[in-house]
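Open the model in your viewer and keep the selection panel at hand. The stops below say what to select and what is there.

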Amino acid sequence: MSRIRRLRRHRTGTRSGAHDRARALAAERLDGPLQPSDVTWLADHLAACHTCRMVANAYDSDRLALRAMRDRTPEPPRDLWARTSAAIEREAASQGGRPRRNAAGRPGPALGILSGVAVIAVVIGASVMSGGWLNAPATGPAQQTTPPVALASPSALPGPTPMAVGAGSVGWVGTSTDGRLAYNVAAVDEVCPVERQPDCAEIADGHSRHVDLTIRPKSISQSPVRNEAVVVGTDATGSDSVLVISLPTAEPTEAPSPSPSKSPTPTPKPTPTSTPVEPSTEPSTSTEPSSEASEPPASATPEPTARPTTTPEPTVSPTMTPAPTLVANLAIVSGVKVVGQSASYSPDGSWFAFTARPSDGSSGPDIYVWRVGDDLARAITDDHSSVFGSWAGNRLIGSRPKVADGSAEITASSFLMDPATGKETALEAPVWRPIVDPEHRWAVTWNGSLRVDENTHIAVPDKGSLVLRGYSRSEGVALDGSSDTVADGVVSDFDVRWDETGTWLAVWLADATDPSIGRLSLVHLDPVSGALDRPHGAPQDVTALPGFSIANGRLAWATPPGQGGEGSRLQIVAWTDEAVGAVESGPITDVVVIH
Amino acid sequence: MSGLWDHEEAGAFVETLFAKHHGEIYAYLLRMLREPELAADLTQDAFVKAYKNYDTLEKPENARAWLYQIAHRVALDEIRRRKIIRFFPWTGESRGSAPSAEHLVMDAHLSSDMQRALAKIPERQRAALLMAELHDLTGVELAEALGVSHVAARAILTRARESLRQALAAERAAEADADADRAARHPAERRR
């Protein structure tokens with residue numbers, strides 16, 4: 001018998017001793033099973049003793065509250081291994097020894113631990129052989145504390161054996177070291193296994209081009225069929241503009257599409273809002289073909305930063321290569337505030353839809369559509385409460401809040417709309433912003449009540465949950481049936497995107513207190529059963545800036561800027577049916593992932 | 001340090017150990033000490049000590065608990081050295097740098113009565129609770145990490161739960177008192 005039990009039993013003869021024993025057992029049962037006799041005794045005592053019952057309940061609730069701290073796991077500094085390995089080397093040198101280093105300087109495993117390395121390799125191999133990482137059991141919370149993303153390699157050392165994930169690339173825009181915006185594309189054909197992230201080399205961008213924009217990009221959507229992207233960004237006055245920009249072709253040495261810029265670009269009013277919009281002076285007033293522009297384009301307004309305009313700028317960033325500058329060709333709307341992250345091209349690339357409201361906040365949001373090739377986007381709703389959800393084929397799905405007579409609760413309604421005619425078809429299910437998968441079989445949607453933000457006049461989720469619902473072309477979002485919860489709790493804003501197979505989706509949930517950051521998760525869908533699972537190794541609730549891309553077995557997002565002024569990092573998780581791996585970039589300022 | 005073991009083997013072993021566990025060790029030390037930079041320094045110290053004391057690891061399968069034991073001792077040494085008797089408030093500030101957005105969010109979440117209560121319980125109890133509840137150490141691993149028997153580790157945990165309950169109750173009572181004070185002051189201020 002343990003000393004504790006002996007002491008406990010000595011005290012059971014007194015009333016206070018009984019209470020002490022009950023409390024000790026109530027605490028002890030949280031850490032392991034009690035003896036059957038203790039279980040019975042404790043149950044009897046708690047049934048009769050209100051105070052001890054309260055204490056036991058407090059132990060339970062305190063434990064839950066403590067465990068809630070798991071949700072926020074701090075990330076170690078990225079240079080921690082560099083510091084640690086240097087300290088170990090110093091220690092080894094002082095002892096007359098030295099960890100073995102291979103030709104490239106990286107400490108190499110010695111024979112004594114090869115068995116351990118082999119175990120890791122076998123585990124990875126076994127995972128592949130046994131059906132892959134999708135079937136791997138999720139690790140415990142402590143093991144999940146390190147997200148499956150790469151850590152910066154502390155030195156230019158060869159990393160672990162990478163895994164191939166097939167051809168594919170990720171694009172982004174960020175500020176290069178010369179202070180100018182740069183468009184980058186990185187081929188991500190190999191990633192590092194999650195288990196070997198600390199040694200993983202950073203990704204290198206391959207196709208960098210300067211980009212001249214007078215707006216600070218917030219979101220960039222690439223056309224699915226053209227070398228073209230729509231850029232949503234904020235100008236110096238704080239208003240948003242939506243620009244169209246030609247992207248270069250995949251060849252890094254190839255000149256960008258010589259699509260001549262319009263001169264000058266007319267700036268539309270965000271009809272039908274009543275806010276007058278001043279004609280803009282976009283940089284797209286360039287009269288030079290962009291293919292000749294290794295210098296900034298001529299601009300109707302002087303650039304805010306003085307730069308030589310006649311001499312090709314030598315690139316100072318090691319990631320930049322001299323290349324023609326990309327310029328915006330067209331401003332399709334300005335003087336607005338673009339709402340949310342749902343802006344996207346239709347699947348056939350012929351339309352682009354987004355939600356915007358007047359920048360002065362005089363009214364709520366409307367859905368805007370732009371037909372590729374037109375000069376301007378136009379508002380296709382005029383109720384000042386509608387928001388764009390997603391595309392279902394070549395019809396868009398919008399949502400607007402609804403208040404029933406005699407009720408204070410705001411509910412949701414959604415509709416299909418032909419972007420060409422504006423003809424609406426109401427969806428029966430009272431859901432908000434359904435995001436339909438490419439196969440039109442499933443939709444992720446907010447199921448619950450809404451509230452309207454007093455300042456922005458925008459409806460946002462209130463009470464409810466983000467769920468997966470069935471979807472059909474004829475019936476729209478299923479009224480009921482099994483709804484798998486995608487996220488619940490406080491959901492202030494969300495962005496959900498499917499991959500092209502409709503079997504993977506990424507879910508970004510805005511932080512309730514700071515919507516400029518959020519938590520991103522990768523979820524797998526069994527398309528037959530509709531069951532969602534979060535495979536081992538897939539990012540779960542990783543901190544991410546708004547805007548991410550998911551396609552071709554790759555999820556790319558940007559981390560919030562680091563401490564000490566360090567830029568964000570682009571993080572990419574890539575997967576096959578059998579394995580998952582990750583890579584990341586070095587720090588990038590003002591990074592926006594192209595989706 | 002014996003100096004008789006293979007430096008190469010130890011270096012490679014610690015590298016592997018770092019790859020697997022540095023995140024959780026950093027998190028543990030941060031939760032114990034509440035200073036990000038200090039936690040990073042101590043994480044580095046813990047792995048250097050693991051390298052120096054490689055020969056004290058008897059069974060490789062116990063490496064995680066052994067590493068926690070080292071980290072725990074590093075934390076207690078630092079607490080004693082700096083005479084830290086309570087948590088520092090998590091301001092999100094590290095030396096010479098601005099708090100990250102992530103940190104600020106984390107601060108808001110963690111600056112809670114739970115944090116304050118944890119700060120008030122003895123550090124060994126706090127360590128036991130953190131390792132058991134947040135880092136999922138098993139009973140055997142916890143005992144190894146704390147350097148005590150399994151029974152003693154369980155007793156520490158039991159005492160820790162009672163300490164935490166009392167500390168939380170005190171925190172909540174203090175909050176209620178403060179609220180009552182504020183409510184009482186406002187009418188007086190309005191009258192002025």
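Start with chain B: buried residues make up 49% of its 192 residues. A residue is buried if 20 or more other C-beta atoms lie within 10 Å of its own, exposed if 12 or fewer, and partly exposed in between, with C-beta atoms placed from the backbone. This is a predicted model, in which local features need pLDDT of at least 70 and side-chain atom pairs count only at pLDDT 80 or more, while totals for chains, interfaces and linings use all residues. Residues are numbered from 1 along each chain as its sequence is written, and chains are lettered from A and ligands numbered from 1 in the order in which they are written.

**Chain B, helices**

Colour chain B by secondary structure: there are eight helices and zero strands. Helices (H or I, at least four residues) and strands (E, at least two) are DSSP runs, numbered from the N terminus. Along the sequence the pattern of chain B reads α-α-α-α-α-α-α-α. Of the contacts in chain B between residues at least 6 apart in sequence, 68% join residues at least 24 apart; two residues are in contact if their C-beta atoms, placed from the backbone, lie within 7 Å.

Select helix H1 (residues 7-33) and helix H6 (residues 123-134) of chain B, whose axes come within 10 Å and cross at roughly 140°. That angle makes H1(B) oblique to H6(B). Axes are lines fitted to C-alpha atoms, for helices over the stretch in contact, and angles run from 0 to 180 degrees between N-to-C directions. Angles under 35 degrees count as roughly parallel, over 145 as roughly antiparallel, 65 to 115 as roughly perpendicular and the rest as oblique.

The crossing of H1(B) and H6(B) is right-handed. A crossing is left-handed if the near helix is turned anticlockwise from the far one by less than a right angle, and right-handed if clockwise. Show side chains where the two helices meet: B:Tyr28, B:Arg31 and B:Met32 in H1(B) contact B:Arg126, B:Ala127, B:Leu130, B:Met131 and B:Leu134 in H6(B). By class, this contact of H1(B) with H6(B) has six nonpolar, no polar and two charged residues. Ala, Val, Leu, Ile, Met, Phe, Trp, Tyr, Cys and Pro count as nonpolar, Asp, Glu, Lys and Arg as charged, and the others, Gly among them, as polar.

Keep H6(B) and add helix H7 (residues 139-146) of chain B; the axes of H6(B) and H7(B) come within 10 Å and cross at roughly 145°. H6(B) passes H7(B) in a right-handed crossing. On the H6(B) side, select B:Arg124, B:Ala127, B:Ala128, B:Met131 and B:Ala132, which meet B:Leu142, B:Ala145 and B:Leu146 in H7(B). The residues of this contact divide into seven nonpolar, no polar and one charged.

**Chain A, strands**

Move to strand S28 (residues 554-558) of chain A: five of its five residues are buried, so S28(A) is largely enclosed by the rest of the structure. A:Arg554, A:Ala556 and A:Ala558 point one way from S28(A), and A:Leu555 and A:Trp557 the other way.

Add strand S27 (residues 548-551) of chain A, which pairs with S28(A) in the antiparallel sense over four bridges; strands pair if DSSP finds at least two bridges between them. A:Phe548 has A:Trp557 in S28(A) as its bridge partner. S27(A) and S28(A) form a hairpin with two residues between them, and A:Asn552 in the turn has a positive phi of about 55°.

Next add strand S29 (residues 568-575) of chain A, antiparallel to S28(A) over five bridges. Centre on A:Ala558, which stands opposite A:Leu570 in S29(A). A:Ala558 counts as buried, with 27 C-beta neighbours inside 10 Å. Its contacts, not counting residues up to four places away in sequence, are A:Ala544, A:Leu545, A:Ser568, A:Leu570, A:Val591 and A:Val593.

Then select strand S30 (residues 580-593) of chain A, with 11 of its 14 residues buried. Seven bridges join S29(A) to S30(A), which run antiparallel. Strand S2 (residues 169-175) of chain A is also antiparallel to S30(A), joined by three bridges.

**Chain A, a loop**

Finish at A:His384, in the loop between strand S12 (378-379) and strand S13 (387-392) of chain A. A:His384 has a positive phi of about 60° although it is not a glycine.
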